[in-house]
Amino acid sequence: MLKSTQKKDIEGRADIARLIRAFYTHAMADELIGPFFTEVAAINLEEHLPVMYDFWENLLFQTGGYRGGMMQKHFALNDKRKLTPEHFERWLELFEREVDRQFQGPKAEEAKRRAHSIAPSMQMKMNRSFLPMSWFTN
Ligand code: HEM
């Protein structure tokens, strides 16, 4: 029997959707990173969310659903308004907080671990002049 305080792990797309939708509610309302979503990219949330579900479902469950091109989107953002280490820190903080609020288990840990390894690699790629072109295709 599960203790009533115990949270479940991320088990599939429906859980990812719950996680990502809640994360976006916080990210878009955040005074530091919110404007990237609401002003710089001015995303259409209902079109954007399924892409994010594909991305995370592919990372955690290898579904092959995400078409790629994540870096190009962030390069374009960075060209319009600089993405700084503080922005990435806040993104990670909000993401991790939401994972922990809703889930616990190996997949929840993996989601946080993947975010923590992708964010610095994105930041490095933003510094394009030092890196070979092959880094920018994904
Ligand atoms: C400073 C931190 C970040 C900010 C402000 C940010 C903001 C955004 C915005 C505004 C978009 C929509 C771009 C558009 O459609 O034009 C986007 C797309 C996306 N972001 Fe981020 N992001 C950040 C970090 C991350 C991190 C760390 C990850 C992954 C762990 C990530 C994954 C994605 C993905 C998968 C997309 C969808 C790209 C596509 O449409 O194919 N982002 N991000």
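Here is a short briefing on some helices, an iron site and two loop residues. The model is predicted, so local features need pLDDT of at least 70, side-chain atom pairs count only at pLDDT 80 or more, and totals for chains, interfaces and linings use all residues. Residues are numbered from 1 along each chain as its sequence is written, and side-chain values use heavy atoms, with hydrogens and water left out.

**Helix α1**
- Helix α1 (a DSSP run of H or I, at least four residues, numbered from the N terminus) covers residues 13-29.
- Among its buried residues (under 20% relative accessible area, 1.4 Å probe, protein chains only) are Ile 16, Leu 19, Phe 23 and Tyr 24.
- The buried residues of α1 pack against α2 (34-40), α3 (45-61) and α5 (85-102), with contact meaning heavy atoms within 4.5 Å.

**The iron site**
- The ligand's iron atom has a single protein donor, NE2 of His 74, 2.1 Å away; donors are N, O and S atoms within 2.8 Å of the metal (3.2 Å for Na, K and Ca), and water is not among the atoms, so sites may look incomplete.
- His 74 belongs to helix α4 (residues 70-80).

**Two loop residues**
- Most residues other than glycine have a negative phi.
- Ala 42, which is not a glycine, has a positive phi of about 45° and sits in the loop between α2 and α3.
- Gln 62, also not a glycine, has a positive phi of about 50° and lies in the loop between α3 and α4.
- Gln 62 counts as exposed (over 50%) at 57% relative accessibility.

Note on methods:
The expected span of a helix is 1.5 Å times one less than its number of residues.
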